[in-house]
Amino acid sequence: MSLNNFLYSGFQFSADEDLLKFKFKMLNSIFIIVAFFSALFGLLSDLGVNDLGPVHSKVDYIYSTLTLGLIFYLRRSKENYIMAAYLLLIISLLTFTSALIFVPHDEFRMIWFYLLIFAAYIINGQRLGLWSTIASIVIILTVNMFIDLNLSQTAINSGILGLVIGSFFAYVYTNKITSYEKSLRKQNSSLSLLASTDYLTGIMNRRMFNEISEHYFQTAQKNQLHLTLLV
């Protein structure tokens, strides 16, 4: 199996599914990175190189295992993409909440929420990005109310403000990318129409006739069906 085939979950994508193809590649890449590094962090903690505590090191192993499971889940159907993206977001939020609570000696542990937000925008656009931003802020504020995070109030405020600003920039960026993608799809549709029909009459031209004929002949040959062409 080639790397590209693995990153595309073994699916074939049509010409109008370029964006979905890119998202599959990004999501699978994130799965691989998350699974590898979360397992690595757990191992380094067990070896005493980077102590994360007994609780969170186990959480990292679970995080890695669940992420590997999502890779196989995504390969079952293209329609599983949205659910796989949301499941990754949920287990990531739970894992980073664990780090927030059980690794109090790590002053930079809120940085994981930043990475989550940017990944959410890339994976599934603005809706998932905004959802992850709100969820991250709510989690940090709620945990801080009941547990001493060993962080000053200034650090908490700065961290939340950073999440809002980062989310705003990611929102603007993905909005522009989505706008470009829609414009490009519209232009491609217009070009395809011009290339396949006669400009004056709007009737299918020889090029399109050949493409459609070839498609039906190949389908008939593949399925061992009879095909008649009347001219």
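User: Taking a salt bridge to be a side-chain nitrogen of Lys or Arg within 4 Å of a carboxyl oxygen of Asp or Glu, how many salt bridges does the structure hold?

Analyst: This is a predicted model, in which local features need pLDDT of at least 70 and side-chain atom pairs count only at pLDDT 80 or more, while totals for chains, interfaces and linings use all residues. Residues are numbered from 1 along each chain as its sequence is written, and side-chain values rest on heavy atoms, with hydrogens and water left out. Under the definition you quote, the number of salt bridges in the structure is 1.

User: Which residue forms a salt bridge with R207?

Analyst: Side chains of opposite charge can pair when their charged atoms come close. R207 lies in helix α7 (residues 206-222), and its partner lies in that helix too, 4 residues away, or about one turn of the helix; helices here are DSSP runs (H or I, at least four residues), as strands are (E, at least two), numbered from the N terminus. R207 is partly exposed at 44% relative accessible area, where buried means under 20%, exposed over 50% and partly exposed in between (1.4 Å probe, protein chains only). With the closest N and O atoms 3.3 Å apart, the partner is E211.

User: At what angle do helix α2 and helix α4 pack?

Analyst: The two helices, α2 (residues 18-46) and α4 (residues 81-102), have their axes 11 Å apart, the axes being lines fitted to C-alpha atoms, for helices over the stretch in contact, and the angles running from 0 to 180 degrees between N-to-C directions. Their crossing is left-handed, that is, the near helix is turned anticlockwise from the far one by less than a right angle, whereas a clockwise turn would be called right-handed. The angle at which α2 and α4 pack is about 35 degrees.

User: How many residues of the contact of α2 with α4 are charged?

Analyst: With contact meaning heavy atoms within 4.5 Å, K23, F24, L27, I30 and F31 in α2 meet Y81, A84, A85 and L88 in α4. Here Ala, Val, Leu, Ile, Met, Phe, Trp, Tyr, Cys and Pro count as nonpolar, Asp, Glu, Lys and Arg as charged, and the others, Gly among them, as polar. The contact therefore divides into 8 nonpolar residues and no polar ones, and the number that are charged is 1.

User: From which helix does the largest share of the largest nonpolar core come?

Analyst: A nonpolar core is a set of buried Ala, Val, Leu, Ile, Met, Phe, Trp, Tyr and Cys residues joined through side-chain atoms within 4.5 Å, and the largest has 40 residues, with L27, F31, F113 and I140 having the most contacts inside it. At least two residues of this core are supplied by each of α2, α3, α4, α5 (111-146) and α6 (153-196). The largest share, 12 residues, comes from α5.

User: Is S92 buried or exposed?

Analyst: S92 is found in helix α4, and, leaving aside neighbours within four places in sequence, it is in contact with Y63 and L116. Because its relative accessible area is 3%, S92 is classed as buried.

User: What is the phi of S9 near?

Analyst: Most residues other than glycine have a negative phi, and most peptide bonds are trans. S9 lies in the loop between α1 (3-7) and α2, where it is buried, with a relative accessible area of 2%. Its phi is positive, in a residue other than glycine, and is near 60 degrees.

User: Is Q224 buried or exposed?

Analyst: Q224 is placed in the segment after α7 and also has a positive phi, near 55 degrees. Since its relative accessibility is 74%, Q224 counts as exposed.

User: What distance separates the C-alpha atoms of N223 and P54?

Analyst: N223 is found in the segment after α7 and is partly exposed, with a relative accessible area of 45%. P54 lies in helix α3 (residues 53-74) and counts as exposed at 60% relative accessibility. The two residues are 169 residues apart along the chain, and their C-alpha atoms are separated by 59 Å.

User: What distance separates the C-alpha atoms of G166 and I117?

Analyst: G166 has its place in helix α6 and counts as buried at 11% relative accessibility. Although G166 and I117 are 49 residues apart along the chain, the separation of their C-alpha atoms is 8.1 Å.
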